[in-house]
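I opened my notebook to look up how some helices and strands sit together. Here is what I wrote down.

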Amino acid sequence: MHARIIFGNNFQGCLDYVFGKPGARMVGKHQLAGQTPIQWASQFDLIASQSQRIQKPVMHVDLSPHPDDRMSDQAGIAFARQYFQGLGMDCCQWVLAEHTDAITPEGKPRPHFHAIANRIPLNQTKAVDSSWLGLRSQQVLRELRVEFGLRPVRESKAIERKPPSVGQERRYRRERQEGDRFGLPELPVKVQLQNAIDEATREPIALPELIQRLQQQAIAVRVRLTREGVATGISYCRENVAFSGTQLGRAYTLPGLQKHRGVDCEIQSNFTTFQPSTHLSEMSNPTPSPPGPEELLQEQQEQWVREIAPILQRLLDHYEKDELENDRYEIHRLDEGRQISVDRKEALSSPILGVKWEGENLKIWASRLQVRDVEHFQTIGRELAQIGENEVQFLETSPEIDGESIPCDRDSEREGYGASQGKQKQRTQLQRSQRQLQI
């Protein structure tokens, strides 16, 4: 039996997630009345409200037994009760649910349990001590495994296989809720890679054959070799998103593939004649290897700079200046307008953006943009576009004299070309919106 513990602050959300899975059912509960997640959530919240200091009273425990172990409801309740007692949570509320939606790599069903507990006991307002909780949980599980006669389980999936990031998971859940309208969303790339590797290693396999199978699914593989031709690392790439084996999980590194997935990774003797920069993916398939993380980052920087540079040009033209600054940035236009640089005031090093136009070609000589910089100048680009639309709309709706529209520029204003009071008000509002544009 393995346990993965997660803390949170929303009992109702956690209960909805656990009992919203297909086939989920309640096995047992402790110090709770009622039969629905809404009733349990209100009781959880009532006890948790007794403590004004605890920020995450929700304790969600994922209990995964060996696939061949089957526990009755009575045994599951007894196991959960002794588990929480071993953690010093005798007087805490909890509810136990069973899930049957998981399967093993061999295709067997793998029932497992989810326990949701309140870290605030019924008899006090102080939360149960969570220090060293992971180690204490492992010790309790070892003792209960012997007592309940359970089989040992290989390393936890949480270690072998790392979950997607919080942002990826939230995006996937949000898109899945909209699945009825737009179709089911794709899984995060990290999960796609893990699933593809798991599927390809259902049976013992050699590393070159594994790479070939993954390439057939549009997954590129790169193996790092030492000067002597010894493999030291592996990474995977799909849809221009790259992950190292460590980022996917322990089971997807070279030692992990051999230990947990039965992959023969002994390739030193077969590839000692190749240069150390040669990648195994290139050996097994003439298709060029995918860009690595550094190359992808460089490509992203170049894409950002090519998007931001025209915005900076329009911004300087808008103010009819070659230098602009605010409390964050300094923008300079040099070499008769053929060169632009941006400095971040908080930085003491080189510019974060530097470009030079050579004819129609844009030469990038500095690119150290961050996401916040890109978002800032993208916002300015949208404001400039809106001002341009307002100007066009004003020209299209200007009054006509003898079939010709009155020009709406600074010269016409100085020369006193008349307009109706409404048009003059519109022009004043346009000028005010231009002045309010901030870099």
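**Notebook: helix pairs and a strand**

I started with helices α8 and α9, which are oblique to each other because of their crossing angle (oblique is what is left once angles under 35 degrees count as roughly parallel, over 145 as roughly antiparallel and 65 to 115 as roughly perpendicular). This is a predicted model, where local features need pLDDT of at least 70, side-chain atom pairs count only at pLDDT 80 or more, and totals for chains, interfaces and linings use all residues. Residues are numbered from 1 along each chain as its sequence is written, and side-chain values use heavy atoms, without hydrogens or water.

I looked up the angle: α8 (residues 189-200) and α9 (residues 207-215) cross at roughly 130°, and their axes come within 10 Å (angles run from 0 to 180 degrees between N-to-C directions). Helices here are DSSP runs of H or I with at least four residues, and strands are E runs with at least two.

Which residues of α8 meet α9? I found Ala-196, Ile-197 and Ala-200 in α8, facing Leu-210, Arg-213 and Leu-214 in α9 (contact means heavy atoms within 4.5 Å).

Next I checked strand β3 (residues 58-64). Seven of its seven residues are buried, so β3 is largely enclosed by the rest of the structure (buried means under 20% relative accessible area with a 1.4 Å probe, protein chains only).

Then I looked for its partners. β1 (residues 2-8) pairs with β3 in the antiparallel sense over seven bridges (pairing takes at least two DSSP bridges). Arg-4 has Asp-62 of β3 as its bridge partner. β5 (residues 112-118) also runs antiparallel to β3, joined by six bridges, and I noted Met-59 opposite Ala-117 in β5.

Methods:
Buried < 20%, exposed > 50% of the residue type's maximum accessible area, 1.4 Å probe, protein only.
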